[in-house]
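Here is a friendly first tour of the structure shown below. Take a look at it, then read on for a few places worth visiting.

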Amino acid sequence: MELDKMDENDWKYHGEGNKSLVVSHLQHCKVLRLLKFPSEDSAHTRQTAEQAFRHIPNIVDYSKYVMKPLLGEKYVHSGEVVKLPLDFVRQLSLKVQQERPELRCDKVMDTFSGCGLCLPNLTQLPLHHLRDHSPPICVEIKPKCGFLPFSRHITKECKRKVCRFCMHQHYKLANGKWKRLSRYCPLDLFSGSKQRMYVALKNLLEEPQNNLKIFKGGELIFSCKDDAKQQPELNDLIQHLRPYFPHSNSLYNGHQPGKAVLNEFIQVICSALLSGGDSNRSGEPRKVHLSESRPHCEASPFPRDLLRNGNHGLPKDSVLAKILQVQMLDNLDIEGIYPLYKRVEQYLEEFPRERNRLQIDGPYNESFMDTVKNCPTEDDGSVEYAVGKVHQYRVAMTAKDCSVMITFAPCEEDEEHQLNLEKPRFTYSVSILDLDPKPYEGIPHQYKLDTKIVNYYLRSTQAPP
Ligand code: ATP
Ligand code: ZN
Ligand code: MG
Ligand code: MG
């Protein structure tokens with residue numbers, strides 16, 4: 001990519017989240033990730049430009065020195081900082097504006113800093129497009145927190161029985177964020193039991209919200225509808241998937257063939273999630289049982305009498321095991337972290353210059369990572385302990401908010417990296433994206449939000465006496 005010859009016509013709108021907007025290159029397997037700001041902030045252009053200037057390199061460092069060593073080399077692509085001509089960025093912003101979903105337009109793309117992040121386009125398979133294959137299918141899952149908190153600092157018993165995602169659903173429904181409850185439960189996805197994972201994925205397909213997107217040849221073909229009242233079109237998805245599972249068309253003899261296609265599709269996603277990433281391993285991989293506490297969520301629709309069945313635990317090298325391990329660095333829960341945050345705040349009030357030494361706002365380098373790894377287990381009352389736990393909490397928060405990309409396409413017999421299924425066979429790759437640092441300043445908000453979600457859940461589910 002020649003940065004001085006950037007042309008907005010080579011790029012198109014790809015997608016966006018809460019923090020960033022992504023455009024993809026028309027020819028190369030690359031995307032540009034640009035930051036977004038609340039539109040009222042755009043008046044303070046200099047300030048926002050400076051923010052982005054610091055933030056983009058911070059994102060890359062955080063991914064490289066913190067998340068990648070924790071999650072594994074093969075899953076994380078840190079990307080590189082690119083300095084873009086302002087003219088290009090302004091034209092690009094105009095060009096993508098009409099493509100943006102309305103519910104995201106409360107924020108505007110950063111057109112001031114000229115700073116962006118260049119990443120591989122993970123909805124594509126590298127080199128795949130060079131051959132005359134069917135376009136790859138990419139499934140993006142935002143799995144959210146996969147365990148029940150076990151900290152002794154928890155004050156509300158329900159937090160030990162019902163997972164955060166399931167409780168949050170009720171709060172989001174009440175606040176109009178979504179119109180229907182999702183029946184997805186992260187604990188089912190992270191269970192490692194094929195049956196429970198199947199149910200979790202089925203529920204994601206029925207109500208994707210912002211936890212599931214599907215791409216074909218790099219184009220979004222399935223996601224939540226902009227109009228929250230509308231149901232996503234499962235039938236359209238089945239039509240898209242049909243050619244990838246030719247053998248399931250005959251399987252059920254015309255009786256609900258769509259179901260058979262979805263069934264096989266879910267099996268492929270499951271196998272990829274349980275695999276070691278992209279290689280064809282033989283033998284049963286070692287299972288890990290990460291959760292010491294109750295691994296089932298009482299709000300999950302999965303039938304309780306079936307819980308004992310099947311093979312539990314995630315294979316050690318699987319993408320879900322990696323993510324769960326990092327999520328579990330949050331072992332005090334926000335209720336245990338908030339007092340430590342206040343200890344840090346008090347200390348910084350007295351010694352404001354210590355903010356740099358303690359790396360509160362970065363830099364996210366090896367020394368930050370050392371603090372995360374070597375934090376003592378017992379509280380000795382020091383500010384170092386408090387900072388270590390706060391760092392760990394923020395790292396866990398990143399892992400609770402990341403997405404998994406599973407990209408696959410039919411492969412030829414001789415190809416090496418395959419999912420070991422009877423038929424058909426797929427080339428596939430698994431990655432983790434959206435690994436931004438979560439702000440230190442966000443902790444008081446997280447504390448309040450946790451209280452609100454739990455209180456609302458208790459009020460809405462417990463019948464009045
Ligand atoms: P969130 O609100 O989830 O925090 P975000 O604003 O941090 O999101 P991302 O999740 O990084 O932004 O990107 C937004 C969307 O762009 C993703 O959901 C994904 O569909 C797409 N995307 C991001 N990075 C890539 C990539 N490297 N390849 C392909 N698509 C990508
Ligand atoms: Zn749950
Ligand atoms: Mg995201
Ligand atoms: Mg994000």
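**A ligand, its shell and the metals**

An oxygen atom of ligand 1 sits 2.6 Å from a polar backbone atom of Asn-18, a polar contact being a pair of N or O atoms within 3.5 Å (within protein, one must be able to donate a hydrogen and the other to accept it, and residues adjacent in sequence count only if both atoms are side-chain atoms). This is a predicted model, in which local features need pLDDT of at least 70 and side-chain atom pairs pLDDT 80 or more, while totals for chains, interfaces and linings use all residues. Residues are numbered from 1 along each chain as its sequence is written, chains are lettered from A and ligands numbered from 1 in the order in which they are written, and side-chain values use heavy atoms, with hydrogens and water left out.

**Around ligand 1**

- Leu-122 offers a polar backbone atom 2.9 Å from a nitrogen atom of ligand 1.
- An N or O atom in the side chain of Asp-434 is 2.9 Å from an oxygen atom of the ligand.
- The protein buries 94% of the 620 Å² that ligand 1 exposes when taken alone (areas by the Shrake-Rupley method with a 1.4 Å probe; for residues, only the protein chains shown count as cover).
- There are 22 residues around ligand 1, and Asn-18, Lys-19, Ser-20, Glu-140 and Lys-142 come nearest; a residue is near if one of its heavy atoms lies within 4 Å.
- Domain 1 (3–121) and domain 2 (123–465) each give the shell at least three residues, with bounds from an automatic or database domain assignment.

**The zinc ion**

- Cys-163, Cys-166, Cys-185 and Cys-297 each donate an SG atom to the zinc ion (ligand 2), at 2.3 to 2.4 Å; donors are N, O and S atoms within 2.8 Å of the metal (3.2 Å for Na, K and Ca), and sites may look incomplete because water is not among the atoms.
- The arrangement is tetrahedral because the four donor atoms subtend angles of 104 to 114°, where four donors count as tetrahedral if all angles lie between 85 and 135 degrees.
- Along the sequence, these donor residues follow the spacing C-x2-C-x18-C-x111-C.

**The magnesium ions**

- Two OD donors of Asp-434 coordinate the magnesium ion (ligand 4) at 2.2 to 2.5 Å.
- Asp-434 also bridges the magnesium ions ligand 4 and ligand 3, which lie 4.2 Å apart.
- Asp-434 is in the loop between strand S13 (426–433) and helix H14 (443–461); helices (H or I, at least four residues) and strands (E, at least two) are DSSP runs, numbered from the N terminus.

**Backbone details**

- The peptide bond from Gly-362 to Pro-363 is cis, with omega near 0°.
- Lys-144 is not a glycine, yet has a positive phi of about 65°.

Key: Four donors count as tetrahedral if all angles lie between 85 and 135 degrees; four count as square planar and six as octahedral if opposite donors are over 155 degrees apart and all others between 65 and 115; anything else is irregular.
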